[in-house]
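Q: Could we go through this structure together? I would like to begin with its surface and then move inward.

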Amino acid sequence: MGLPTSPSFSVASPSTALSALFLALQGFTDLTACSLPDEISSYYWGSQAPIRCTFFFALSGYAYAFKPEGPIRGVSQQASPWDNLNTGVVFTWSFLEMISWFWIFITLREEREELAVRKAERKKAEENML
């Protein structure tokens, strides 16, 4: 895959950058779940799916646009610590995650609509019984 092996984490490499992104994503999205009720897991995933989809959209766009032979990156631009994110592995992982989380978001929206219809029907049936 072209990832260099490093004996320690003190040297920046694409693998440590990918690990740092994964941990940052998990920490950021789990902070959102702290204020939600425990018994309603659909709200948790309903709030996580758009955040993760947006994050991976931005990451895959950055990895594609700013790679050395990409459309935005110039040959005269100086090297930066963010260059470790411009690998094919990061782009592929973030693009597949973006597609997956978008699909989950769409599915959750459909389920939420179906649940609202069932809830309205149940409420209407209860009103008719009285």
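**Surface and core of the chain**

A: Certainly. K119 has a relative accessible area of 58%, so this residue is exposed. Please keep in mind that the model is predicted.

Q: Which element holds K119?

A: K119 is placed in helix α3.

Q: Which residues gather with K119 in a patch of positive charge?

A: R118, R122 and K123 gather with K119 in that patch on the surface.

Q: And negative charge: which residues form a negative surface patch?

A: That patch is made up of E110, E111, E113 and E114. Of these, E111 is located in helix α3, which spans residues 88-129.

Q: How does E111 count in terms of accessibility?

A: E111 counts as partly exposed because its relative accessibility is 44%, and the partly exposed class lies between under 20% for buried and over 50% for exposed.

Q: Which residues form a nonpolar patch on the surface?

A: F95, L96 and I99 form one, and together they have about 270 Å² of accessible area. L96, for its part, has its place in helix α3.

Q: Let us step back to the overall fold. How many helices and strands are there?

A: The secondary structure of the chain amounts to 3 helices and 0 strands. Read from the N terminus, the order of elements is α-α-α.

Q: What share of the chain counts as buried?

A: The chain has 130 residues, and 23% of them count as buried.

Q: Now the interior. Which residues of the largest nonpolar core touch the most other members?

A: They are F56, L59, L85 and W101, in a core of 13 residues. Helices α1 (14-33), α2 (41-65) and α3 each contribute at least two residues to this core.

Q: Which helix gives the largest share?

A: Helix α2 does, with 5 residues of this core.

Q: Take W101 from that group. Is it buried or exposed?

A: W101 is buried, because its relative accessible area is 9%, and buried means under 20%. The residue lies in helix α3.

Q: How far is W101 from R52, going by C-alpha atoms?

A: The C-alpha atoms of W101 and R52 are 6.6 Å apart, while the two residues are 49 residues apart along the chain.

Q: What about Y44: where is it placed, and is it buried or exposed?

A: Y44 sits in helix α2. With a relative accessible area of 18%, Y44 is buried, since the cut-off for that class is under 20%.

Q: What separates the C-alpha atoms of Y44 and T32?

A: A distance of 8.1 Å separates them, and the residues are 12 apart along the chain.

Q: One more residue, S13. Where is its place?

A: S13 belongs to the segment before α1.

Q: Does S13 count as buried or exposed?

A: S13 counts as buried, because its relative accessibility is 4%.

Q: And how far apart are the C-alpha atoms of S13 and L85?

A: The separation is 9.0 Å, for residues that are 72 apart along the chain. L85 also appeared earlier, as one of the core residues that touch the most other members.

Definitions and conventions
Residues numbered from 1 in each chain as written. Predicted model: local features only at pLDDT ≥ 70, side-chain atom pairs only at ≥ 80, totals over all residues. Heavy atoms only, no water. Patch = residues over 30% accessible without salt bridge, like charges linked within 9 Å, V, L, I, M, F, W, Y side chains within 5 Å. Areas by Shrake-Rupley, 256 points an atom, 1.4 Å probe, with all protein chains shown as cover. Salt bridge = Lys/Arg side-chain N within 4 Å of Asp/Glu carboxyl O. Lys, Arg positive; Asp, Glu negative; His and termini not counted. Charge placed at Lys NZ, Arg CZ, Asp CG, Glu CD. Helix = DSSP H or I, 4+ residues; strand = E, 2+ residues; numbered from the N terminus. Buried < 20%, exposed > 50% of the residue type's maximum accessible area, 1.4 Å probe, protein only. Core = buried A, V, L, I, M, F, W, Y, C linked by side-chain atoms within 4.5 Å.
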